[in-house]
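Morning, everyone. Please bring up the sequence and the model, and I'll walk you through a few parts.

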Amino acid sequence: MSHHLSWPSDDTASDRRRFMQLMLASPIAASLWQSHVAFGEEALPSADDARNVFDFHDVAQEKLSPAIYDFIMGGADDEKTIAANRTAFDKVQIRARRLIDVSNIDTSITLFGTPMATPILIAPIGGQVQVHEQGELATARAAYTRKHTMIASTVTNHSIGEIAEAHTAPVWFQLYASSNRDLVRHLLRNAKEAGCETIALTVDSAALGNRERQMAFGTGRGSGPRQRLGNFEGFPGPPIIGDPSLTWDFIKWLRDETDANILLKGIVTHEDASLCVTHGVDGLIISNHGGRQEESHRGTLEALPEIIAAVDGKVPVLIDGGFRRGTDIFKALAMGASAICIGRPYIWGLASFGEDGVAKVLDLLRAELV
């Protein structure tokens with residue numbers, strides 16, 4: 001078959017330009033067009049075929065039940081804070097300098113005296129067996145092979161010990177406070193036995209966010225199917241998570257209970273960042289829980305400058321919320337963050353292709369950052 005190329009007439013070219021403008025003006029049409037350009041009418045064939053983390057989203061949505069998909073993607077109220085996490089990156093521009101030797105790129109960092117190959121950490125997300133049968137173990141193996149530090153959630157299906165064994169390197173432990181201090185001691189003891197040297201205490205969950213998507217499927221307010229929660233096994237009592245009376249006094253109590261590094265996860269203002277330093281915490285994570293806890297309409301990146309100024313280099317500042325591209329990561333690092341944490345993208349990869357999907361998401365983000 002021979003192919004003949006010819007320039008279109010002026011009228012034809014004009015018609016095509018108008019058609020493309022109409023197509024791109026429609027978000028739905030533009031999305032369909034992008035999918036068509038990427039893989040025709042077929043879904044993503046394999047993890048290796050992904051060009052960016054967004055390619056995993058549609059596969060994950062297709063594979064997951066509507067209830068689990070909305071649990072992952074949903075947020076508080078009108079979900080404007082989720083959108084704000086993303087749009088915050090669009091407000092920051094990169095001033096690119098030239099004629100600098102970039103033949104050897106080193107993305108390694110050191111946190112709490114521990115060298116790390118990359119500033120991209122795995123954010124804590126619980127209940128991953130709902131997403132893939134191997135759950136957190138698949139995530140841990142992918143994180144280890146790609147040399148990423150993993151922060152394991154309190155409410156994982158597998159225990160922190162099992163996750164640490166799969167990761168075969170020290171993991172961090174995200175801690176939810178509880179009004180039952182014996183339960184907190186139980187969780188801390190498990191984390192210590194698993195070799196965790198860093199505890200990230202979540203401080204933005206005094207009350208559960210108003211997550212309407214979850215309520216629509218009966219998965220909000222603590223309802224939904226019962227599943228294994230490995231970190232609570234062996235504790236003689238109900239796993240009561242959350243403490244609405246949580247104050248800075250708990251930080252002193254926690255310091256007396258553990259010799260691990262203590263980070264506070266959920267700090268979003270310079271006032272609380274200054275109090276972190278005053279109360280002797282070892283670091284903090286700027287986070288709004290992925291827009292799931294409160295409708296602040298404020299992206300985490302917008303909070304970064306004031307917190308960096310308040311901390312003044314005294315403790316490391318990490319950040320999560322909406323990271324999808326290497327340029328997002330670069331912007332946060334350039335603005336003073338010590339490291340960043342990703343959440344939903346690696347869950348998309350896990351839902352799509354298990355361990356291979358998580359590994360590919362990490363590969364893509366590292367490559368884009370470089």
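**Helices, sheet and cores**

Helix 8 and helix 10 cross in the right-handed sense. Keep in mind that this is a predicted model.

Stay with that crossing. Helix 8 covers residues 181-193, and helix 10 covers residues 249-257. Their axes come within 11 Å. The crossing angle is roughly 45°. That makes helix 8 oblique to helix 10, because the oblique class takes in angles that are neither roughly parallel, roughly antiparallel nor roughly perpendicular.

Which residues meet there? From helix 8, we have Arg181, Val184, Arg185 and Leu188. Facing them in helix 10 are Phe250, Trp253, Leu254 and Glu257.

Now move past the end of helix 8. Cys196 sits in the loop between helix 8 and strand 6, which is 198-202. Is Cys196 buried or exposed? Its relative accessibility is 7%, so Cys196 counts as buried; the cut-off is under 20%. What does Cys196 touch, leaving out residues up to four places away in sequence? The list is Ile160, Val171, Trp172, Phe173, Ala191 and Ala260. Take Val171 from that list. Val171 and Cys196 are 25 residues apart along the chain, yet their C-alpha atoms are separated by 5.6 Å.

Next, the sheet. We have an open sheet of 8 strands, with parallel pairing. The strand order reads 3-10-9-8-7-6-5-4. Strand 3, at 120-122, and strand 4, at 151-152, stand at the edges. Each has a single partner strand, so one side of each is left without a neighbour in the sheet. For strand 3, look at strand 10, residues 339-342. The two pair in the parallel sense over 3 bridges. Where does Ile120 fit in? Its bridge partner in strand 10 is Ile340.

Last topic: the nonpolar cores. The largest one has 81 residues. Leu175, Leu284, Ile307, Ile319 and Ile342 have the most contacts inside it. Which helix gives the most to this core? Helix 15, residues 355-369, with 7 residues. Apart from that core lies another, of 13 residues. Its members include Ala123, Trp172, Ile285 and Leu318. We met Trp172 a moment ago, as a contact of Cys196.

One more stop, at Ile307. Again leaving out residues up to four places away in sequence, Ile307 touches Ile267, Val268, Thr269, His270, Ala273, Leu284, Ile286 and Val317. Leu284 is also on the list of residues with the most contacts inside the largest core.

That's my tour. Over to you for questions.

Definitions and conventions: Residues are numbered from 1 along each chain as its sequence is written. This is a predicted model: local features need pLDDT of at least 70, side-chain atom pairs count only at pLDDT 80 or more; totals for chains, interfaces and linings use all residues. Side-chain values use heavy atoms; hydrogens and water are left out. A nonpolar core is a set of buried Ala, Val, Leu, Ile, Met, Phe, Trp, Tyr and Cys residues joined through side-chain atoms within 4.5 Å. Buried means under 20% relative accessible area, exposed over 50%, partly exposed in between (1.4 Å probe, protein chains only). Helices (H or I, at least four residues) and strands (E, at least two) are DSSP runs, numbered from the N terminus. Contact means heavy atoms within 4.5 Å. Two strands pair if DSSP finds at least two bridges between them. Axes are lines fitted to C-alpha atoms, for helices over the stretch in contact, and angles run from 0 to 180 degrees between N-to-C directions. Angles under 35 degrees count as roughly parallel, over 145 as roughly antiparallel, 65 to 115 as roughly perpendicular and the rest as oblique. A crossing is left-handed if the near helix is turned anticlockwise from the far one by less than a right angle, and right-handed if clockwise.
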